[in-house]
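You asked for a careful reading of this structure for someone who has not met it before. The points below go through it element by element, beginning with a sheet.

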Amino acid sequence: MSTVEYIGEHLGPGKLGQFFVITSFVAALFSAFTYWRAVQAERTGIGESTWRSMGRYGFIFHTVSVIGIFSVLYYIISSHLFEYHYAWEHSSRALPLKYLFSCFWEGQEGSFMLWTLWHAVLGCIVMGTARRLETRTMTIIAMVQVCLATMILGLYFGPHIRVGSTPFLLLRTTMQGAPVFSMPNYLDFIKDGNGLNVLLQNYWMTIHPPVLFLGFSSTLIPFAFCIAALWKREYTEWVKPALVWALFSGGILGTGIIMGGAWAYESLNFGGYWAWDPVENASLVPWLTLIAGMHTLLVYKATKRSLPATFLLFMFTYCLVWYSTFLTRTGILGKTSVHAFTGDGTALTYHLLIVIGLLLLLCIGLLVTRWKELPRVKSEEETLTREFWMFIGSFILLLSSVQIAITTSIPVWSPLAKWISGKDIAPPVSPLQHYNSIQVWVAIIVGLLSATVLFMKFKHTDGRSVWRRLVTTGVIALALALFIGYEQHINAWQYCLMLFAASYGIVANIYYAIVIQKAKLKKLGPAIAHLGFAMVLMGILLSSFNKHIISQNTLGVLMDMGKGSDAANARESADNIMLFINTPVAMQDYVITYRGDSSSAKDPRIFYRVDYVRADSATHNVLEAFTMYPDAFVNVKGQVGITPTPATKHYWNKDIFTYVTSVMDPSKKTDTSKYESHLVHKGDTIFINNGYIVFNGFNTQVSDPRYKPQTGDIAVAALLSVYDMKGPGQEMHPIYYIRSQYENTIDDTLRNRGLYTRLSKIIPAQNAAEIQIKQTDPKDNYIVLKALVFPFINVLWIGVIVMVLGFFISIWSLLSKKSIITRRETL
Amino acid sequence: MKKSHIVLLVLVAVAVCVIVSMFGDFSTYETFASASRQQGKVYHVIGTLEKDKGMSYNPHVDPNHFYFYAKDKSGNVDRVIFNGETPTDIEKSEQIVMKGYVQNGEFHCSQIQMKCPSKYKKDMIAEGKPS
């Protein structure tokens, strides 16, 4: 085989990057081993500090290497070195700077790198703060880093076995055999990269993945503390750091998940912020178990109960994080998910399964050996205590996550089901309904518990004061729920219950914060987090229950959709509205008009200008007028069709959410209309689409910037007035002149009406003129639009912010002094 | 027995009931033929686009009506009506998963998910209007 000397390649960065990949792997391995030796040396006390500092240096070296990998890859992407497969595949020259980082998480390797980076950073913090648990927690963290580093190793054992895939592969290596690589100067032909998926070109996508991955990564820390505690047989020291990290993780992961929702809401055409999509579920499930574990840990801290449950939940959480990676990265969801990554083959599947297997082995092994000696409280707990109901609440969260996990995992277990029952099981036909009908009960129970547990004390509660508070807040909440339910027409009984639960959560948590905790900020972490959660429930309920489509089709011909009745047929064809250019269409309270599209050379998107006017139906006074610019990538990267992103008008109490579902293909846009001649006398009228033109005679004193007079010219302008439904008339002055015996014309155009006029001939004897008129056919330019209203969606967003604030207030108060959460409140 | 254990047992029992009842909610993958046995019931059908038989979308007439022909796994070709606009890149799809029901020999579908040959692109999904 002859080798080709390639010209113009930059091989240095790739080699450096691969070097960092190897060192990060080796350093993590070294760190894990030496920390493990430090744990071993604890018993004898000999050499412990040496081993430990070796572990530290190893981990720091690992962190530096990971940063090195990142920097090199960033350099490759930002310098557009398309000889590297990663840069070619995920970026392009036109990509704005702010999206360069998004290239990292479009690809598999980049996502693992991001994960590794966060682990490394968090690991360094743990290293400095875990004190007597450092050696054990860091052994675990470094071990996980070893596993993650193998994901980007890209080592080949023989032709078929590959361990990991490196981001520094050359394009010519990944596409061996492509004819272009037989040329030494192949780089001259690879001018641009494949580019970033247009859906990721959104500012949420620059911030959502790092936050989500930080959330995922941070679940490692409570897990590591669990393992460390079991390993050391020491069950008190780990509680506080694990709690702080669990709070941190809960806050960040929650933020990351909802940012994904915000991204979906702003740039996907799901028509919403949550679709129970498998990828969304995969991140929600670990969050639920994490929150459950956090609560049982609080119970343990205050009462010494629920320790086994806490261990189980944190371990479950971390294994689920890996499991969700397995679900979303291996393509196993292929048939069911919108944005599951296409599979990278069986290598990754087995690789992830091995890691999950190792984690499970570690967890089960430790639990089995320690189970009997775990501290337990013998006495029976009372029913009217905080720990009892907190435990129930955690259990409900766990059940909720189990339900979501089972349905999401259908593609995983359906082969088994097929083998047993012969049925090829598919996901539910309407996933929204499926999940909602079950999860609404979780929302109701958790919403009710979220405030009620705060009224109770740990260990022993005075029943009367609890009941008094329950009744007081319950009555207020009922009044609030009745008011909202009546106003918002919430008429399904399950959702009425959920409305009450959310109202109660809001009222009772505010009551608790003000009346019981006297609004002392440091003590308000739980109340604020629970208040935020209740607001999230309220926001979800109000925005989803009354979400409605306002773009009812009033133009379209009723199609026979094979439905029994006309009404059913109409419903089927009704949700998109067709807008011809400059033709106003009524859409519920609004009259909307498509005014044209705009595209710029800098932005690959096309923006569609749609004017909204809301007028008083009696007086026709304009109450409100605004313009929205939904946009779309049209025929991008050889696709046929459009990738729309929505535009949203925000009100305090609702959002109007619109997106373009179809447009006239701009490549097929041609001007089919022709000039038509009209012979007119002064005062005559010409009828046009939507209006008419009046010919008011001639102006022989032509002074017009478009016309430069010369001596000997004869120039005449026609005076035309255009009237149509759009209010005041406009003047048009097409010009006709004779220069050196030749006839010339200068057209006049009203672009906003698509109207062209030409004075083609004058007949002075009759004081008449031949006017030629062309109108662009509005049917040549149209968009199909969909518009939805989300009522009170802001309650949801504010609720999330409040909830996360609650998490961080709790962390702050935990770190600044003795915990408020476990202190028995003065009720 | 502790009270908490009783409550947990009750909860587990309820959960088991819920999970068992969930199975009734799950759909199955069918072919056009097996789906037509239960007219009007919604199933998932996996198939491929039959490009030669043509497709049509005419938003001037109805922006929510697109039809094409698809061949299911057993080789039967059926006309598919989708209540929405032409899904992006359907011509390039190598596999489509359609969610819908059979009525009068036609498959009415409300959701199409496409698997595209390019490894560099994610799968795409197109949502129609609920019928």
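1. In this predicted model, four strands of chain A make up an open sheet whose order is β14-β23-β22-β21, with antiparallel pairing. The edges are taken by β14 (676-681) and β21 (748-750) of chain A, and because each has a single partner strand, one side of each is left without a neighbour in the sheet. On average, and with direction ignored, neighbouring strands of this sheet are turned by 30° against each other.

2. One edge of that sheet can be followed residue by residue, since β21(A) pairs in the antiparallel sense with strand β22 (residues 755-763) of chain A over three bridges. Here Leu750(A) has Leu755(A) of β22(A) standing opposite.

3. A further set of pairings in chain A begins with strand β15 (residues 685-688), which is joined to β16(A) by four bridges in the antiparallel sense. Thr685(A) has Val694(A) in β16(A) as its bridge partner. The hairpin that these two strands form has two residues between them, and in this hairpin Asn690(A) adopts a positive phi near 65°.

4. From strand β16 (residues 691-699) of chain A the pairing goes on to strand β17 (residues 714-724) of chain A, the two running antiparallel and being joined by seven bridges. Two of the residue pairs can be named: Ile693(A) is bridged to Val722(A) in β17(A), and Phe695(A) is bridged to Leu720(A) in β17(A).

5. Which other strands does β17(A) pair with? Strand β18 (residues 730-732) of chain A is one of them, in the antiparallel sense over three bridges, and in β18(A) the residue Glu731(A) is the bridge partner of Ser721(A). Strand β19 (residues 735-739) of chain A also runs antiparallel to β17(A), with four bridges joining the two, and there Val716(A) finds its bridge partner in Tyr736(A).

6. Two helices of chain A deserve a look at their lengths. Helix α21 (residues 793-816) has 24 residues and reaches 35 Å from its first C-alpha to its last, which is close to the 34 Å expected at 1.5 Å a residue. Helix α15 (residues 410-421), by contrast, spans only 14 Å between its end C-alpha atoms, where a straight helix of twelve residues would span 16 Å. Just after α15(A) comes Gly422(A), with a positive phi of about 85°.

7. What does α21(A) pack against? Its buried residues, among them Ile793(A), Leu796(A), Val800(A), Met803(A), Phe807(A) and Leu814(A), pack against α10 (239-267), α19 (525-545), β13 (654-663) and β24 (782-791) of chain A. Glycine and serine also appear in the buried set, including Gly799(A), Gly806(A), Ser810(A) and Ser813(A).

8. As to the overall layout, chain A is divided into domain 1 (10-196), domain 2 (241-264 + 281-427), domain 3 (566-669 + 782-790) and domain 4 (676-776). The centres of domain 1 and domain 4 of chain A, taken over C-alpha atoms, are separated by 71 Å.

9. Finally, the confidence scores should be read alongside the points above. The model as a whole scores ipTM 0.78 and pTM 0.83, while chain B averages a pLDDT of 79, with 87% of its residues scoring at least 70. Over residues 118-123 of chain B the pLDDT stays under 50, and for this stretch the model has 15 contacts beyond four places in sequence.

Notes:
Residues numbered from 1 in each chain as written. Chains lettered and ligands numbered in written order. Predicted model: local features only at pLDDT ≥ 70, side-chain atom pairs only at ≥ 80, totals over all residues. Expected span 1.5 Å × (residues − 1). Pairing = 2+ DSSP bridges. Axes fitted to C-alpha atoms, helices over the stretch in contact; angles between N-to-C directions. Buried ≥ 20, exposed ≤ 12 C-beta atoms within 10 Å, placed from the backbone. Contact = placed C-beta atoms within 7 Å. pLDDT = per-residue confidence, 0-100. Domains from an automatic or database assignment.
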